[in-house]
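Good morning, and thank you for joining this meeting. Please take a moment to look at the sequence and the structure before I begin.

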Amino acid sequence: MGVQKRTRKFAQVKRVISQKDARLKANQQKASAAVKKSAQPAVRAVPQVSSALFFQFNEALKPPYSVLVDTNFINFSIQKKLELVQAMMDCLYAKCTPVITDCVMAELEKLGPRYRIALRIAKDPRFERIKCDHKGVYADDCLVNRVMQHKCYIVATNDRDLKRRIRKIPGVPIMTCGTGKYVIERLPDAPEH
């Protein structure tokens, strides 16, 4: 009998309203302010379309092509035993200049001794080097920003996320390393493989 007196019954415990309860006046005011805010039409900044684009056809792309090379593209080329410049020319049937940014070089140097062959290929004199004027060394952001500013590049990458980001930019072709050859997508006059 003494045990029952000491235990509290759940029905008799006082119920407390939480701070996030919709019945409180402050929460009702917040909810009404959010509804008013969402009712206003959103003004979206529409990026200016490049003058190089004619519908989806990029007129700035002409041989000799400048190909922005990403870190993993070089690594995949080594794995598939493809000679970079020669395979690019075989893919596009035109003269190609591989272009490498400081960010990509820094990324290759950070990867350490396992990627020394890729670093040696990137230091090839046939590669054109571009200086970066931004802070940080995140190569994906650097490549996307450069392609958005100048529509004269083809981006060579095997990175899924980077390809997804570049597909949102109109008129920028993407080169990837397939089995035994390079594959180009979104180049209007490219030969069909």
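**Overview of the chain**

Of the chain's 193 residues, 38% count as buried. I should say at the outset that the model is predicted. Its secondary structure consists of eight helices and eight strands. The accessible surface of the chain amounts to about 13800 Å², and carbon and sulfur atoms hold 55% of that area. As for contacts in the chain with a separation of 6 or more, 62% of them are made by residues 24 or more positions apart.

**The aromatic pair**

Let me turn to the aromatic rings. How many aromatic pairs does a search of the whole structure find? The search returns one. A pair of aromatic rings is described by the distance of the centres and the angle of the planes. Here the partners are F73 and Y182, with ring centres 4.7 Å apart and planes at 45°, so the pair counts as tilted; the tilted class lies between the stacked pairs, under 30 degrees, and the edge-to-face pairs, over 60.

The two partners come from distant parts of the chain, 109 residues apart. F73 sits in helix α3, which covers residues 71–79, whereas Y182 belongs to strand β8, residues 182–185. Are these two residues buried or exposed? F73 has a relative accessible area of 0% and is buried. Y182, at 1%, is buried as well.

**A residue in contact with both rings**

I would next draw your attention to T176, which is found in strand β7, residues 174–177. With a relative accessible area of 13%, T176 is buried, because the limit for that class is under 20%. Which residues does T176 touch, leaving aside those up to four places away in sequence? The list includes both members of the aromatic pair, F73 and Y182, together with T157, N158, K163, K181 and V183.

**The cysteines**

Finally, the cysteines. A disulfide is a covalent bond between the sulfur atoms of two cysteines. A search of the whole structure finds zero of them. C91, for instance, is in no disulfide, and the nearest cysteine sulfur, that of C96, is 7.8 Å away. C91 is also buried, with a relative accessible area of 2%.

Why is there no bond between C132 and C142? The sulfur of C132 has its closest cysteine sulfur in C142, at 3.5 Å, which is too far for a bond, because a disulfide requires the two sulfur atoms to be within 2.5 Å.

Thank you for your attention.

Conventions: Residues numbered from 1 in each chain as written. Predicted model: local features only at pLDDT ≥ 70, side-chain atom pairs only at ≥ 80, totals over all residues. Heavy atoms only, no water. Phe/Tyr/Trp six-rings, centres within 6.5 Å; stacked < 30°, edge-to-face > 60°. Helix = DSSP H or I, 4+ residues; strand = E, 2+ residues; numbered from the N terminus. Buried < 20%, exposed > 50% of the residue type's maximum accessible area, 1.4 Å probe, protein only. Contact = heavy atoms within 4.5 Å. Areas by Shrake-Rupley, 256 points an atom, 1.4 Å probe, with all protein chains shown as cover.
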